[in-house]
Amino acid sequence: MERMMKTAKKILLSGVQPSGRPHIGNYFGAMKQFVEFQEKHSCYFMIADYHALNTVQEAKMMRENILALALDYLAIGLDPKKSVIFKQSDVSEHAELAWIFDTITAMPFLERAHAYKDAEAKGKEVSVGLFNYPMLMAADILLYDTDVVPVGADQKQHVEYARDTAEKFNRVFGETFKLPEPKILPNVAVVPGIDGRKMSKSHNNTIPLFAEDAEIEKLVMSIVTDSASGIPKNVYEIHKLFRPEAGLDSLYQSKAGKYKDLKEALITDIKTFIRPLREKRKELAKNPGAVLKILKAGGEQAKAVAEAKMKIVREKVGVRLY
Ligand code: ADP
Ligand code: TRP
């Protein structure tokens, strides 16, 4: 009944690959909005483990990463009572639909994907999985009649692939899929890392979202400070995520040139913000069984929706005989 009532709301789906510790850039750039969306949308938040299999090819690490991401999701406030929290591999229909999409998609169309082109340009060996990545992501999105897909700008092209694939399928086999809209998260938060470049796991310049106090102190003290005006730009840019800009400006003016004081103020603010999240995550981590139960239940909810959609898809392509 509850889900029936929810269908009046717009359907939202997003996913994150279980590929490492999230940082404050991920949080302010993407994850924070997930929490806010739960109030007004019918949400699916997915752990994209089959996507991550392109890079994480060690079973123990995969298991740990999946549980870690589930803990991250729950600790920031994703709520299994409001949203479906699940992992992709629990719903085999994703892989099945991706195959069907492969059959109606031309190679040159996929050759235009940024992720593939970048990997090629770097001379990496590209797996078929990486090449087909946009088709699996299209299946993730289209199986649930998704209206909105909140993603960072880097993922916009993938949502466009999902739209194009829905259109192609509808043209070939008749109206079946809803066209999803990307919702590009506001770019205000391009959070700089401690070296001043964009904060990114791949730059090794992050402040992890669930960092311990000592780690926060060490990382903030090592933020590169280059400033002509006495206002250390990188410190300020990170600080404004944690404190309203009005109060911040007067602090930075009164302490102009006093980098140590400013960094200490930032440390205090980050600690205050992170502590409750970190404590909540630790509490949740004490009972991994309960987290797995949430994932399993979410998988069952998602599976029921995906199964119903796949019946229609099989009917449309003509393989459903009984
Ligand atoms: P990373 O570069 O650390 O590997 P991901 O590519 O996994 O990060 O990013 C996941 C999401 O987090 C992206 O969709 C993006 O919106 C957001 N994000 C990542 N880094 C930043 C940043 N420095 N500032 C703002 N948002 C970010
Ligand atoms: N490709 C996304 C990323 O790397 C993760 C993802 C997989 C996703 N399936 C999705 C995001 C469906 C939104 C919708 O960040």
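The protein exposes about 16,300 Å² of surface, and carbon and sulfur atoms supply 56% of that area. These values, like the others below, come from a predicted model. Buried residues account for 45% of the 322 residues in the protein. The fold is built from 14 helices and five strands. With a radius of gyration of 22 Å, close to the 20 Å that the globule rule gives for 322 residues, the protein is as compact as a globular protein of that length. Its C-alpha trace spans about 75 × 45 × 40 Å along the principal axes. The chain also brings together parts that are well separated in sequence: among contacts between residues at least 6 apart, 78% join residues at least 24 apart.

A good place to continue the tour is ligand 2. Around ligand 2 there are 14 residues, of which Gln 17, His 51, Tyr 133, Asp 140 and Gln 155 come nearest. By type, this shell divides into eight nonpolar residues, five polar ones and one charged one. Three elements, namely β1 (11-16), α8 (128-142) and β4 (148-151), each supply at least two residues of the shell. Helix α8 gives the most, with four residues.

Several polar side chains reach atoms of ligand 2. A polar side-chain atom of Tyr 133 lies 2.6 Å from a nitrogen atom of the ligand. For Gln 155, a polar side-chain atom is 3.0 Å from a nitrogen atom of ligand 2. In the case of Gln 17, an N or O atom of the side chain is 3.0 Å from an oxygen atom of ligand 2. Of the 370 Å² of accessible area that ligand 2 has on its own, the protein covers 90%.

Another part of the model to visit is His 239, a residue of helix α11 (residues 233-239). His 239 counts as buried because its relative accessibility is 0%, which is under the 20% cut-off. Leaving out residues up to four places away in sequence, His 239 touches Leu 248, Leu 251, Tyr 252, Leu 262, Ala 265, Leu 266 and Asp 269. Two of these neighbours also meet the histidine through polar contacts between side chains: Tyr 252 at 2.7 Å, and Asp 269 at 2.7 Å. Met 310, by comparison, is 71 residues from His 239 in sequence, and their C-alpha atoms are 47 Å apart in space.

Asn 65 offers a second example of a buried residue, this time in helix α4 (residues 59-76). Its relative accessibility is 15%, so Asn 65 counts as buried. Beyond its neighbours within four places in sequence, Asn 65 is in contact with Pro 18, Ser 19, Gly 20 and Val 56.

Two loop residues complete the picture through their backbone angles. Asp 145 has a positive phi of about 50° although it is not a glycine, and this residue sits in the loop between α8 and β4. At 25% relative accessibility, Asp 145 counts as partly exposed. Asn 204, also not a glycine, has a positive phi of about 55°. Its place is the loop between β5 (181-184) and α10 (213-221). Asn 204 counts as exposed because its relative accessibility is 72%, which is over the 50% cut-off.

Conventions. Residues numbered from 1 in each chain as written. Chains lettered and ligands numbered in written order. Predicted model: local features only at pLDDT ≥ 70, side-chain atom pairs only at ≥ 80, totals over all residues. Heavy atoms only, no water. Near = heavy atom within 4 Å. Polar contact = N/O pair within 3.5 Å; in protein donor to acceptor, adjacent residues only side chain to side chain. Areas by Shrake-Rupley, 256 points an atom, 1.4 Å probe, with all protein chains shown as cover. Nonpolar A, V, L, I, M, F, W, Y, C, P; charged D, E, K, R; others polar. Rg over C-alpha atoms; globule rule 2.2 N^0.38 Å. Buried < 20%, exposed > 50% of the residue type's maximum accessible area, 1.4 Å probe, protein only. Contact = heavy atoms within 4.5 Å.
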